[in-house]
Structures are given as structure tokens and as C-alpha cells.
Amino acid sequence: MRLPEVRIGNKIATVPIIQGGMAIRITTARLAAAAANEGGIGLIAASGMKPQELRYEIRLARSLSPNGIIGINEMVAASDFSDAVKIAIDEGIDLVVAGAGFSRDMFQLGKESGTPIVPIVSTAKLAKISEKLGAAAVVVEGKEAGGHLGTDQSVRNIISDVRAAVKIPVFAAGGILTGQDIADLHKMGADGVQLGSRFAACVESNAAPSLKQYYLKSKKDDIVIIHSPVGLPGRAVRTPFSARIIEGPVPPKVCDRCLKQCDHHFCIIRALSRAQQGDLETGLVFTGEFMPRIDRILSVHEIFEELKQQLEAAN
């Protein structure tokens, strides 16, 4: 089978696959542009980026993919959420995907600029609210996803209810690795999908080589749930640091005030940044539930080609 094109705002994704935004600096311009050039939607993870860095990454992605769909992903829980969205809009970003919380204000920013706002939701109720507020689409994320989790339900148990509740495009996320996964979710009502883990360990990912290898070496028993300072559970690969924070708080010595509200369990921005740079002793490695199934580092082009071939053969 072949998925139909999906329109978000005035843009059309010929291949309705969103490359998920993974922070800190895992998904930057190079990865986002590569996904956009394949006909998908490429996201730059804005969380943790300073204003000039974010502007640079958006401009670089656009130079690498002049005609592709480039968006940002930002945590609503971040203290600079509104500023990051405004910067992205000022730079002409094609869409904004927002997770780790929910903000009504972002929809007004989208209306004023004509920028599509795409919230990450985990219930039909929130999807319906989002549509009423002006969402251009929703990403429906299940418990299989990496990073911050908003539900203990599988995306396969949620997607049909969301599809029945809204008329806007619906993208399924969480635990999607193969073309058969995509075909199954499409039959359940998804217009497209968002993949994170599959791109975390790809050639264009900005993760340090040692982090990519760490992903590939992970086993099922290495995947753990931690309590995030954001106030949500988060899925990660076991590291010495994640083992420590499971046992109890590791209060930061320096606070960057990166979150609107923080329980100071540990500094999430710094922990994720350390992992991205290859520090697997004191870094936090967010991951999807099925990362252990990934055993090869492929290019974005190879990933898209493999997914399309699998889709054609899907039942």
C-alpha cells in the first residue's frame, strides 16, 4: 500500500512521515532537512537551544531543503517555549509541534502568523480541544514513545478514538519502526506517523557516535521509566545517571531555570545535553520502548526507502 498525501496548512507532505524532534540537539538542521527532502516532515528540536542557535539551525535546514517541510519541536514545559515559537515563526518555519505539556497561547500565535500548530496529545478529548483551538493536525502519542509520556495506553488503543473525534490530520506516534506498523495504524485511522527512535541512531542524527552505538547495544531490560523534573514520566535507556535518579533526587548545583515549573529532581536539559555529547556516565538517554529492535545505523534516505518498500509489501 501507499499512504496518501497529507496537507498541513498550505504544505503537502507527499510522504506523511514526521521525523520526531529529539532534544537536546539530537535532531538539528541536517537531519530535519534530510527527512524533508524525502517528502516527509523534518523537525528541529528547539528545546535547549539559545535564540541565535535556533535561528541558525532553521536557516541551515531551509538552505539544505529549500522546498521541504521544516518544523520545530518544543517542550511546552520549557520556560522559553513562547520565545522559541515566536523565533521559529519569525524565521518562516512551516509548522510547530509542541509536546511535554499543553498551551492554549500557542494557537493564537499560529493564527496571527498563519503557522500550523500541531500539539502532541494522548487522548481524544485533548485532540478535540486542540482542533477547536485551531490545531492544524495532532500527533497522537502512545506509551511506546520515548521521552516524556502522557499516557499508559498504547497508541493502537488511542488512535481510532482520536480519528473519530476530529477532522484534522492525525499522526500516530510511539513504537513505530516498520512499514507494517505504519500500515496497521493507517487502517486504524492515522493519516501519517511520527518516528523518533528510528532516526535517533541514523547517519544524520546529531547524537555523538558513542551515543548511537549505545542505542544499538541496548536490550529490552535496559529500557527504564524515570521521573522527569517536567512532572511527567519519561522513558530512557539505563545509564549510571538514570539508575541514580530512579533511586532518588540528584539536585543540580546550578539551575538554568529552563522549565516553567521544576521539582529539581535533577537538571533535565543538562543531563540530555551530556548524553548528546557522548557522556554516558552522567547523561540521560531518552528512547522509545522498541529501540532494542534497531540494529543498524542507516541514512535517512535508506530509512525512507526501507519503510516505503515495507509498506508496499504490507498486509
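## Two domains

The domain assignment splits this protein chain into domain 1 (6–205 + 295–313) and domain 2 (209–292). Keep in mind that you're looking at a predicted model.

How far apart are the centres of domain 1 and domain 2? Going by C-alpha atoms, they sit 21 Å from each other. The two domains meet through 30 residues of domain 1, which are in contact with 27 residues of domain 2. Between them, domain 1 and domain 2 bury about 2300 Å², with 63% of that on carbon and sulfur atoms. On the domain 1 side, Ile24, His148 and Leu149 provide 23% of the area buried against domain 2, and no other three residues give more.

## The barrel

Now for the strands: 8 of them close into a barrel, running β3-β4-β5-β6-β7-β8-β10-β11, with parallel pairing. On average, neighbouring strands in this sheet are turned by 25° against each other, if you ignore direction.

Take one pair as an example. Strand β8 (residues 138–141) joins strand β10 (residues 170–173) in the parallel sense over 4 bridges, and Val140 stands opposite Ala172 in β10. Helix α1 (residues 29–37) packs on the sheet too, touching β3 (17–19), β4 (41–45) and β5 (69–75). The direction of helix α1 makes about 170° with that of β4.

## Nonpolar cores

Which residues touch the most other members of the largest nonpolar core? Among its 77 residues, they're Ile72 and Phe199. Both domains chip in here, with at least three residues from each. Another core, of 20 residues, lies apart from this one and includes Ala77, Ala78, Ile245 and Ala271.

Looking beyond neighbours within four places in sequence, Ile72 is in contact with residues including Leu43, Ile58, Val85 and Val97.

Conventions
Residues numbered from 1 in each chain as written. Predicted model: local features only at pLDDT ≥ 70, side-chain atom pairs only at ≥ 80, totals over all residues. Heavy atoms only, no water. Core = buried A, V, L, I, M, F, W, Y, C linked by side-chain atoms within 4.5 Å. Buried < 20%, exposed > 50% of the residue type's maximum accessible area, 1.4 Å probe, protein only. Domains from an automatic or database assignment. Contact = heavy atoms within 4.5 Å. Pairing = 2+ DSSP bridges. Helix = DSSP H or I, 4+ residues; strand = E, 2+ residues; numbered from the N terminus. Axes fitted to C-alpha atoms, helices over the stretch in contact; angles between N-to-C directions. Buried area = accessible area lost by both parts, 1.4 Å probe.
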